[in-house]
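Open the model in your viewer and keep the sequence beside it. This tour goes from one selection to the next and says what is found at each stop.

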Amino acid sequence: MDLILYNGKIVTMDEKMPEVEAVGIGGGKIVEIGSNEEVLSYKGKNTVIIDLKGKTVVPGFNDSHMHLLSFALSLEKADLNGCDGINELIRRVRKFIEANGIKNGEWVQGRGWNHEFFKEKRMPTRRDLDKISEEHPIILTRTCGHVAVANTYALKLAGIFENPPYVEGGSIDLDEKGTPTGILRENAMELVYKLLPMYKKDKIKEMIIKASNNFLKAGLTSVQTDDLDSIKGDFKEILEAYFELEAEKKLPIRVNEQVLLPTMEKLEAFLELGYRTGHGSEYFKIGPLKLLTDGSLGGRTAALSFPYEDDKTTRGIAIYNQEQLDELIEKAYLNGMQVACHAIGDRAMDMVFSSYDKAMKKFPKKDPRLRIIHCQITTEELIDKFKKYNVIADIQPIFVSSDLTIVEKRVGKERAKWTYNWKTLIEKGVHVAGGSDCPVEPFNPILGIYAAVTRKNLSGYPEDGWLPEQRLSVKQAVHIFTMGSAYCTYEESIKGSITPGKLADMVVLSEDIFNIVPDEIKDVGVEMTILGGKIVYTK
């Protein structure tokens, strides 16, 4: 036995033995669980023994959907999270340019602004960004990642200022004179993004390590990440960076790559390399094909079946038409790929279910584990379809904290009752997994658990929770971030619970998350993270 943790409250997430006092680890796996006396009897001369002193231990957290490289990149951009207005945004970006010595003509990037929190209650425009600088091309991405604003310099560099083109699956906002306002939505962002500097493989590897070490501090031992569109260039560079880190034993965390391949050309190029879902090791593995089928609720680009309550001119943006989506999903499905589709609006989800249904009827498979990521603006009919087609609901509970003040504005009071219905999904027997969508939201899974349990924002609003009947128990919330996420990647037999024979990934918490006041969950910290039986983080 290499390591024994004893005298603790070890919540296993294994129904056969839900809570034990001690766990023994050997060869990177869990060997024994049980009472202090039982497990300590296995100690050897070289066994490291840790007295937990009553602390709570849970399985290592597994984020079912995030953007690891986008988070790493955000550390190198102007941080616009928490800006209370356009003047604050301007101040921060000016300060960023000065602090980093960015020369005239060089790109300036930022991320994290949310106009819902601005005093002005409007999106920034190119004219606002021109006040920052007319000597730098500037692109600032909204917190959701589905809307960006560019200054005039950047729009002209992209060749879209004088004669803005029609963009399939996206749009360029125009003023009353037909001139771009600077706001770019969905695929239109790519017209500017493609001009940004490319990163080499060695730099990508550095960023992966830096981001992963941040995640370990929050108790994340596994992440499922969509990275291939985070950095401009050949997606093979990103895959090679991961495979090399894994081979060099330098990858700090377990990674399942959700391969974003938005065109048939890219998907076919990927398949020709021989990659399929499940290819890889316990540290780095190819996951599902990831497709973006609509945008975000905050940016009013989520594809709805009805006009937005607060903007009757739009129903959002569907990235694909039904035929295009059918073709991509069928191609992946037939070639051994699991599929996971980003879908926030009800219209987008309906399209995804239609594509999934066609593929499954045409080519039945025993266990395809098709997924929908986000699943926010649902209806009773859509919720029933998750169960009918056995589709995984890959949810981000922290979205409740950010969106609870805008949902009724966007979709109306009656429709809002069927949104973010996490508990209903679980009660209907749907497989549910938990993620963060980092860097859209903080990666800390404790905050996701807090949001799932309280249905409040981080300030404790509203007092009784938003749609409180959808609150999860703490056990349910921890389950979706452990066993629920492991199920997504066909790995429930090797991770997700503290069970003999599984990987020794676990987290020691500062408080008993199962027995404190729910409002205090958000303040629970991570004392220790263990990955593969090794202590990889201590506070």
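Select Cys83 first. In this predicted model, Cys83 is buried, with a relative accessible area of 3%. Buried here means under 20%, so a value of 3% qualifies Cys83 for that class. Does Cys83 stand alone or in a disulfide? Cys83 is in no disulfide, and the nearest cysteine sulfur belongs to Cys144, 15 Å away. A disulfide would need two cysteine sulfur atoms within 2.5 Å, and by this rule the count for the model is zero.

Move to Cys488. Its relative accessible area is 0%, which makes Cys488 buried. Cys488 is in no disulfide either; the nearest cysteine sulfur, that of Cys375, lies 9.9 Å away.

Next, show the strands of the open sheet. Eight strands form this sheet, and the pairing is parallel. To walk across the sheet, follow the order E8-E15-E16-E17-E18-E19-E20-E21. Which strands stand at the edges? They are E8 (61-66) and E21 (432-434); each has a single partner strand, so one side of each is left without a neighbour in the sheet. From one strand to the next, the twist averages 25°. Strands of a sheet pair through backbone hydrogen bonds, either parallel or antiparallel.

Within this sheet, select residues 220-225 and 254-260. These are strands E15 and E16, which run parallel and are joined by four bridges. To see one of the pairs, pick Val223: its bridge partner in E16 is Val255.

Now add helix H10, residues 322-334. Helix H10 lies across strand E17 (284-292) and strand E18 (339-343), and its direction is at about 165° to E17.

Keep H10 on screen and select helix H9, residues 264-272. Two packed helices are described by the angle between their axes and the distance between the axes. For H9 and H10 the angle is about 5° and the axes are 10 Å apart. That angle makes H9 roughly parallel to H10. Show the side chains where the helices touch: Met264, Leu267, Glu268 and Leu271 in H9 meet Glu327, Leu328, Lys331 and Ala332 in H10. By class, this contact has five nonpolar, three charged and no polar residues.

Go on to strand E14, residues 180-186. Is E14 mostly covered or mostly open? It is mostly covered, with seven of its seven residues buried. Strand E12 (residues 147-150) runs antiparallel to E14, and three bridges join them. In that pair, Ala148 stands opposite Leu184. Strand E13 (residues 170-174) also pairs with E14 in the antiparallel sense, over four bridges. There, the bridge partner of Ile172 in E14 is Leu184. Between E13 and E14 the hairpin has five residues, and Gly178 takes a positive phi near 85°.

The last stop is Met13, in the loop between strand E2 (9-11) and strand E3 (19-20). At 10% relative accessibility, Met13 counts as buried. Display what surrounds it: leaving aside neighbours within four places in sequence, Met13 is in contact with several residues, among them Pro18, Pro59, Lys475, Val478, His479 and Ser497. Take Pro59 from that list and draw a C-alpha to C-alpha distance to Met13. The two are 46 residues apart in sequence and 7.4 Å apart in space.

Notes. Residues are numbered from 1 along each chain as its sequence is written. This is a predicted model: local features need pLDDT of at least 70, side-chain atom pairs count only at pLDDT 80 or more; totals for chains, interfaces and linings use all residues. Side-chain values use heavy atoms; hydrogens and water are left out. Two strands pair if DSSP finds at least two bridges between them. Helices (H or I, at least four residues) and strands (E, at least two) are DSSP runs, numbered from the N terminus. Axes are lines fitted to C-alpha atoms, for helices over the stretch in contact, and angles run from 0 to 180 degrees between N-to-C directions. Contact means heavy atoms within 4.5 Å. Buried means under 20% relative accessible area, exposed over 50%, partly exposed in between (1.4 Å probe, protein chains only). Angles under 35 degrees count as roughly parallel, over 145 as roughly antiparallel, 65 to 115 as roughly perpendicular and the rest as oblique. Ala, Val, Leu, Ile, Met, Phe, Trp, Tyr, Cys and Pro count as nonpolar, Asp, Glu, Lys and Arg as charged, and the others, Gly among them, as polar.
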